[in-house]
Each structure stands twice: as structure tokens, then as C-alpha cells.
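Student: I am new to this structure and should like to look closely at a single part of it. Please take one residue, describe its surroundings, and then set that part within the rest of the protein.

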Amino acid sequence: MLNMFEIDALNKSFGSLAVTQDVSLQLPAGRRHGLIGPNGAGKTTLFNLLCGELDADSGRVMLDGADITRASPDTRARAGLARSFQRNNLFTELTVRENLVIACTLQQGIGHIGWNLLRRYDSVATEVQASIEQLGLGDDADRPVKQLSYGTQRQLEIGLALQLQPKVLLLDEPTSGMSPEETTAMQSLIGELPDTLTVLIIEHDMDVIFDIAERITVLDYGRVLLEGTPEEVRKSDQVRQRYLGDEVS
């Protein structure tokens, strides 16, 4: 079966420091795949390589059968790769609806239409309202983003990524800094994503990652220490010694 997203022997060094060393992953369509590791393991660098923010020294990145290793971030996004960042990347002065309108126009290629007309454009209005309902943000749809809680802003950021109708979604610490209630809401949102969407998620909260992921890759000093099911990772003495410690029993 063709993998939706494939990373083959990816390498990246900064001078003499190797931060990504022969990392390989294979994600079939619909896979929920976790990426964990200690601070400095190279997780965010790997995401930056996958998104085109950094150029790999060697190796290959494939999306739905196409080689995107040397493609620009915009080209990768148009090909179906979307990312949410560890910190919010939103238009905080605009409302939830207006943020979603902007993302929708990028996806539909109609950004040249005047703003007031754009918000009434049928295809945009329909898509945006569907996103608002999916995200559970009906009560906040017309509030400025800066007035929303941190957790709600993170939900919106995922909504913006989904507006691009990606094939693969990269989530970078989606529950970082959240309250327990906000974390539960984010888990529910991720759990309700379309089962055709492939998701690769960096997450420090072990309860979250073990709940969401079907398979987990553990990075250590830029290398793959182990890949397996949540249960295999949980039971690994090597992973316990290097990372989990007493967090998981």
C-alpha cells in the first residue's frame, strides 16, 4: 500500500552538530502517529525539515507519492501538507470567522475579491460555517481572537490548517500550556478529525500521545530510538531509561 507520507533517511547538521540522523517514517493514509523524545531530541527540527522551513542535507520526503524534498513551504502546503505551530500564529485583532475566511480564500484561490463581498461569498460562507461548527466555536465566532482563551486559540489554529484541506497535518505540541479542561477539548477535536487525514503529532503529554497515536516514534539525539505501538513504547526499558522514567507505569 502506498504511504501517504514518507520520510526516508533524512539528515540535517548545523556545523559539526548532527540534529537529524537517518530518520525514516512511513505513514499510510489516516494514520495517527506520535513523535516524542527528550528536549533537544530534534523533534521541532524534523518538523521544520518536513515543512520546508529548513533544507535537508540528505534524504527524501514524499507526500502522496510525490517527492517534495526540495519544494518550498508554499508548494508543500498546496500539495496537501499543513502544520500547526507550538505558538499561535493567528490574526488576533480579527474575529474567529474572519481568520477562517482568510484561510478559506487561500484554499479556494479567490483572495482578490473585496473584503465585504468576500464574507458573503457563498462558497466561503458555507465552508467557514462548517469549520466553526466542527471546532465548536459557534459562541465565539464573531469575537476577536485576542479575547479568546489560549486553548480556544489553539483550536482555531488547527481549524485554519484544516481550511487548507490537507492530506497530512503536522501538530506541534497542540496541548502545550493548556489547562486540563482545554487539553481534554483538544484531545476530542483531534480524535474527531476525518479518518482519511494523516496526522503526525509532537506532544510532551504522555497521556495525550498514548490516547491519540496508533504508532509512536521516539527520537533521541536526532536518531530514531524506537518505533512501535503505544503499548510497545510504554513497555520498552530503553525508552524508560532514556525518556519516560517513572511517568508511565
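Tutor: Once its neighbours within four places in sequence are left aside, Ser 58 is in contact with Ala 9, Leu 10 and Asn 11. The model in which these contacts appear is a predicted one. Ser 58 itself belongs to strand β4, a strand that covers residues 58-63. With a relative accessible area of 31%, Ser 58 is partly exposed, because that value falls between the limits of 20% and 50%.

Two of the partners of Ser 58 deserve attention in turn, beginning with Ala 9. Ala 9 has its place in strand β1, and at 26% relative accessibility it counts as partly exposed. Its backbone carries a particular feature: the phi of Ala 9 is near 50 degrees, a positive value in a residue other than glycine. The general background is that most residues other than glycine have a negative phi. Glu 173 also has a phi near 50 degrees, again positive in a residue other than glycine. Glu 173 is found in the loop between β7 and α7, and it is buried, with a relative accessible area of 3%.

The next partner is Asn 11, which is found in strand β1, residues 5-14. Asn 11 has a relative accessible area of 18% and is therefore buried, since buried means under 20%. The side chain of Asn 11 makes polar contacts with the backbone at two places. It reaches the backbone oxygen of Ala 9 at 3.1 Å, and it reaches the backbone nitrogen of Asp 22 at 2.9 Å. Apart from its neighbours within four places in sequence, Asn 11 is in contact with Thr 20, Gln 21, Asp 22, Ala 56, Asp 57 and Ser 58. Asp 22 and Ser 58 are thus both among the contacts of Asn 11. The C-alpha atoms of Ser 58 and Asp 22 are separated by 8.7 Å, although the two residues are 36 apart along the chain.

Strand β4 also leads on to another part of the protein. Asp 64 lies in the loop between β4 and β5, and its side chain meets that of Lys 167 in a salt bridge, with 2.9 Å from N to O. Lys 167 lies in the loop between α6 and β7, so the pair ties together parts that are 103 residues apart in sequence. Lys 167 is partly exposed, with a relative accessible area of 33%, and Asp 64, at 33% relative accessibility, counts as partly exposed as well.

Further charged pairs are found elsewhere, and the count of salt bridges comes to 10. In general, side chains of opposite charge can pair when their charged atoms come close. One such pair is Lys 146 and Glu 93, whose side chains meet at 3.1 Å, N to O. Lys 146 lies in the loop between α5 and α6 and Glu 93 in the loop between β6 and α3, so this salt bridge ties together parts that are 53 residues apart in sequence. Glu 93 is exposed, with a relative accessible area of 56%. Another pair is Glu 227 and Arg 215, with 3.2 Å from N to O. Glu 227 lies in strand β10 and Arg 215 in strand β9, so the parts tied together are 12 residues apart in sequence. Glu 227 is partly exposed at 27% relative accessibility, and Arg 215 is partly exposed at 24%. In addition, Glu 231, Arg 234 and Lys 235 are linked in a network of salt bridges.

The largest pocket should also be mentioned. Its volume is about 850 Å³. Of the 27 residues that line it, Ala 77, Arg 83, Leu 106, Leu 160 and Leu 164 lie nearest its centre. The elements giving two or more residues to this lining are α2, β6, α3 and α6, and the largest share, 6 residues, comes from α2.

Finally, the protein as a whole may be considered. Its secondary structure comes to 10 helices and 10 strands. Of its 249 residues, 50% are buried. The accessible surface comes to about 11,800 Å², with 46% of it belonging to carbon and sulfur atoms. Among contacts between residues at least 6 apart in sequence, 66% join residues at least 24 apart.

Terms used:
Residues numbered from 1 in each chain as written. Predicted model: local features only at pLDDT ≥ 70, side-chain atom pairs only at ≥ 80, totals over all residues. Heavy atoms only, no water. Helix = DSSP H or I, 4+ residues; strand = E, 2+ residues; numbered from the N terminus. Buried < 20%, exposed > 50% of the residue type's maximum accessible area, 1.4 Å probe, protein only. Contact = heavy atoms within 4.5 Å. Areas by Shrake-Rupley, 256 points an atom, 1.4 Å probe, with all protein chains shown as cover. Salt bridge = Lys/Arg side-chain N within 4 Å of Asp/Glu carboxyl O. Polar contact = N/O pair within 3.5 Å; in protein donor to acceptor, adjacent residues only side chain to side chain. 1 Å grid on protein atoms, 1.4 Å probe; cavity = no way out; pocket = protein on both sides within 12 Å on 5 of 7 lines; lining within 4 Å. Points joined across faces, edges and corners; volume = space filled by probe spheres on them.
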